[in-house]
Amino acid sequence: DGAGAGADAAPDGGGPPDGPGPWVTIPGGNGQYTILAGGQGWYCHQTELTEDYTIVGFRSAPPPGIHRAFVTVPDLRPHTSVDFQCSINAISSHLIYASGVGTAGLEFAPGDGIRLSAGKFMMIVYQVDNRASASDVTISTAIEVKLGAPADVSTELEMVFLGTTTISIPGDGMLHNVSGLCAPREP
């Protein structure tokens, strides 16, 4: 949570705050949500990239109430709105970053990075939880990227989310086997 961190530290206390490129709010912003008292769920923020980006690091400073965040690059525009309520199924197979409470900052090794082209969509999927509160809370999220120059990257990185996100286990106290398919879309 960055508590006690010095003014020059990264917001989450992980990773150095300086280096070859600037830390900036993720392109297109992160979204703002009002979570009702006692509420929980999934929220999404999407944006269309207006220019090319070279990303050489990520860091997250989630406010209270955000438990997980996933940054994906869907093949198609997933929704007509910018901010909307969604589900874990909104996570596409082209995952580029994932974090949870306490995740440290991440800077890639020299020469490694992620290139995103103008016209692509970026979506952030958040799991939020306000069940412990008796009042509504409005949160602004905080995921940042470290930008680099295209020449900084000789090896492009990506994460691939394989498997299913639609697991349903009845609350009957019995043992249940659950399985799903695990097939990448390309070698």
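Visitor: What share of the contacts in the protein with a separation of 6 or more comes from residues 24 or more positions apart?

Guide: Such residues account for 85% of those contacts. The model is a predicted one. The protein has 14 strands and zero helices, and from the N terminus on every element in the run is β. Of its 187 residues, 37% count as buried.

Visitor: What makes Cys44 and Cys86 a disulfide?

Guide: Their sulfur atoms are 2.1 Å apart. The cut-off for a disulfide is a pair of cysteine sulfur atoms within 2.5 Å, so the pair qualifies. A disulfide is a covalent bond between the sulfur atoms of two cysteines.

Visitor: How many disulfides does a search of the whole structure find?

Guide: The search finds one. The pair links distant parts of the chain, with Cys44 in strand β3 (residues 40–48) and Cys86 in strand β6 (residues 83–86), 42 residues apart.

Visitor: What is the handedness of the link of Cys44 and Cys86?

Guide: The link is right-handed, with 90° about the S-S bond.

Visitor: Why is Cys86 called buried?

Guide: Cys86 has a relative accessible area of 19%. Buried means under 20%, so Cys86 counts as buried. Its partner Cys44 has 0% relative accessibility and therefore counts as buried as well.

Visitor: Why does Arg59 count as buried?

Guide: The relative accessibility of Arg59 is 9%. That value falls under the 20% limit, so the label is buried. Arg59 sits in strand β4 (residues 53–60).

Visitor: How do you know that the side chains of Arg59 and Glu144 make a polar contact?

Guide: The contact between the two side chains is 2.5 Å. A polar contact needs a pair of N or O atoms within 3.5 Å, one able to donate a hydrogen and the other to accept it, so the pair of Arg59 and Glu144 is listed as one.

Visitor: Why is Ile55 called buried, and what does Ile55 touch?

Guide: Ile55 is also a residue of strand β4. Its relative accessibility is 0%, so Ile55 counts as buried. Not counting residues up to four places away in sequence, Ile55 touches Phe108, Gly113, Ile114, Leu116, Val145 and Lys146. The C-alpha atoms of Ile55 and Ala149 are separated by 8.4 Å, while the two residues are 94 apart along the chain.

Visitor: What makes Asn130 buried?

Guide: Asn130 has 8% relative accessibility, and buried means under 20%, so Asn130 belongs in that class. Asn130 is placed in the loop between β10 (121–129) and β11 (137–140).

Visitor: Which residue has its backbone oxygen 3.2 Å from a polar atom of the side chain of Asn130?

Guide: That residue is Leu36. With neighbours within four places in sequence left aside, the contacts of Asn130 include Ile35, Leu36, Ala37, Gly38 and Gly39, and also Ser135, Asp136 and Val137.

Visitor: Why does Ile35 count as buried?

Guide: The relative accessible area of Ile35 is 3%, which is under 20%, so Ile35 is buried. Ile35 lies in strand β2 (residues 32–35). Neighbours within four places aside, Ile35 is in contact with Tyr43, Val128, Asn130, Asp136, Val137 and Ile139. Ile35 and Arg131 are 96 residues apart in sequence, and their C-alpha atoms are 9.4 Å apart in space.

Visitor: Where is Asp112, and which residues is Asp112 in contact with?

Guide: Asp112 is part of strand β9 (residues 111–116). Leaving aside neighbours within four places in sequence, Asp112 is in contact with Val56, Asp152, Val153, Thr155 and Leu157. From Asp112 to Ser154 the C-alpha distance is 6.2 Å, with their positions 42 residues apart in sequence.

Visitor: How many cavities of 30 Å³ or more does the structure hold?

Guide: The structure holds one. The largest cavity has about 60 Å³ of space. Its lining is made of 14 residues, and the closest to the centre are Ser60, Pro62, Ile66, Ala69 and Ser99.

Visitor: Which strand gives the most to the lining of the largest cavity?

Guide: Strand β5 does, with four residues. Both β5 (66–72) and β7 (94–100) supply at least two residues of the lining. By class, the lining has eight nonpolar, five polar and one charged residues.

Methods. Residues are numbered from 1 along each chain as its sequence is written. This is a predicted model: local features need pLDDT of at least 70, side-chain atom pairs count only at pLDDT 80 or more; totals for chains, interfaces and linings use all residues. Side-chain values use heavy atoms; hydrogens and water are left out. Buried means under 20% relative accessible area, exposed over 50%, partly exposed in between (1.4 Å probe, protein chains only). On a 1 Å grid over the protein atoms alone, a cavity is a set of points where a 1.4 Å probe fits but cannot get out, and a pocket is an open set with protein on both sides within 12 Å along at least five of seven lines; lining residues have an atom within 4 Å of a point. Grid points are joined across faces, edges and corners, and a volume is the space filled by probe spheres set on the points. Ala, Val, Leu, Ile, Met, Phe, Trp, Tyr, Cys and Pro count as nonpolar, Asp, Glu, Lys and Arg as charged, and the others, Gly among them, as polar. Contact means heavy atoms within 4.5 Å.
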